[in-house]
Amino acid sequence: MKHINYLIKPASSLCNLRCRYCFYADEAANRAQESMGVMAPETVEALLDETFRTIAPGGSVSFAFQGGEPTIAGLDYFRYFVRQAHAKCPPKVEISFSIQTNGTLLDHDWAEFLHAENFLTGLSVDGFKDLHNANRIDAQGKDTWNRVTKALALLQKHHVAVNALCVVTGMCARSPEKAYRQLKKLGFDYIQFIACLDPLGIPRGGMPYSLTPAAYGSFLCSVFDLWYEDWEKGDYHSIRMFDDYVHILLGDGGGTCATCGNCGSYLVVEGDGSVFPCDFYALDEWRLGRFGEDSLAEMAGGERAAAFLALGREKPPECSGCQWGRVCNGGCKNDWYTADGVAHNYYCAALKKLLDYAAPRLMRIVQAETSARRNR
């Protein structure tokens, strides 16, 4: 293997918050074993040894940590993991680290570590105070906005590279300008908006926080206006989805599995070393194997992994005749649903609305970038 990308759950589904819309808490509750616990040192060793046996010379390995809340595993766990990764990494293989965190457990030592080890840090922050506190509460039901913004200031003070992850709920979709401008005001240059998920096995749209396709489409168009206005003024702020669409139109391809049209860009590693093909499919029926018991080649190349990749290639039929098929690539498979035996993307109408609305301005950015590349 030339490139290996991991999404590691060092504390499994354990979390000190009780976010009302948390998809991983719901997903874990649908497994025989809800939490696999905190990753033991021997599991770290098995993961790293197998990874570096498998990686090809000149290759790269990315270690992304997520949860639950990954910092529950403790700073000593991360120090140990990074130290062992550097010690075991073969010559001419590049390794990188990132973490997605709610920020509430971070302190000075954490910030120093994240800066020293060059961790790209994603901070979960839902736009503005009232919006954030409506859904992102702790185990005692208390608000978390002040703790999260305090963590952000600490990370910025220590010059940690930090991005924003904002979940788009129905409430968020009603205030796109307020959410975008507040995230900018907080100092984020890189922002990722992700659509809220409803619990597994129930009809979509029925939860207090649910996001409908119509609301999502309106939200995306409104945020695009603000984003494009900033681009025109030279005050550029990255929004992951829009950046991906620009790169796809440039011929570079999408930077996420939700836009590139292919599943299987990374592997999820749970706290006990169990491996799954996707964060949205960390369920018993999709378990690929376990580090310490199975080789990476067996897990990534087995029948279950192949079946998962094949499912991702089966696009909804409306994609074949859609002018935006090559841009949105059917969207994330987790947003597909089946009606009358046919697959559809729940947010298809929202993505179409955005691309119909934004296409001329996206092409202006593409033309400007093409011209800039020629002159470099």
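Two strands pair if DSSP finds at least two bridges between them. Helices (H or I, at least four residues) and strands (E, at least two) are themselves DSSP runs, numbered from the N terminus. With those terms in hand, let me turn to the structure before us.

This is a predicted model, in which local features need pLDDT of at least 70 and side-chain atom pairs count only at pLDDT 80 or more, while totals for chains, interfaces and linings use all residues. Residues are numbered from 1 along each chain as its sequence is written, and side-chain values use heavy atoms, with hydrogens and water left out.

I begin with the sheet. It is open, has 10 strands with mixed pairing, and follows the order S7-S6-S5-S4-S3-S2-S1-S8-S9-S10. Its edge strands, each pairing on one side only, are S7 (238–239) and S10 (289–290). Strand S9 (residues 274–276) pairs with S10 in the antiparallel sense over 2 bridges, and there Val275 has Gly289 as its bridge partner.

Elsewhere in the sheet, strand S2 (residues 60–65) and strand S3 (residues 94–101) run parallel, joined by 6 bridges. Phe63 stands opposite Phe97 in S3. Between S2 and S3 the chain passes through helix H3 (residues 75–88), and this β-α-β crossover is right-handed; that is, with the strands pointing away from the viewer, the path from the first strand over the helix to the second runs clockwise. S3 also pairs with S4 in the parallel sense, over 4 bridges, with Ile99 opposite Thr121 in S4. Helix H4 (residues 108–116) completes a right-handed β-α-β unit with S3 and S4.

I now come to the aromatic residues. The structure holds 31 aromatic pairs, where rings of Phe, Tyr and Trp (its six-membered ring) pair if their centres lie within 6.5 Å; planes under 30 degrees apart count as stacked, over 60 as edge-to-face and the rest as tilted. Why is the pair of Tyr21 and Tyr209 edge-to-face? The ring centres of Tyr21 and Tyr209 are 6.3 Å apart and the planes stand at 80 degrees, so the pair falls in that class. Tyr21 lies in the loop between strand S1 (3–8) and helix H1 (23–29), and Tyr209 in the loop between strand S6 (190–195) and helix H9 (213–233), so the pair ties together parts that are 188 residues apart in sequence. Tyr21 is buried (under 20% relative accessible area, 1.4 Å probe, protein chains only; exposed is over 50%, partly exposed in between), at 8%. Tyr209 also counts as buried, at 7%.
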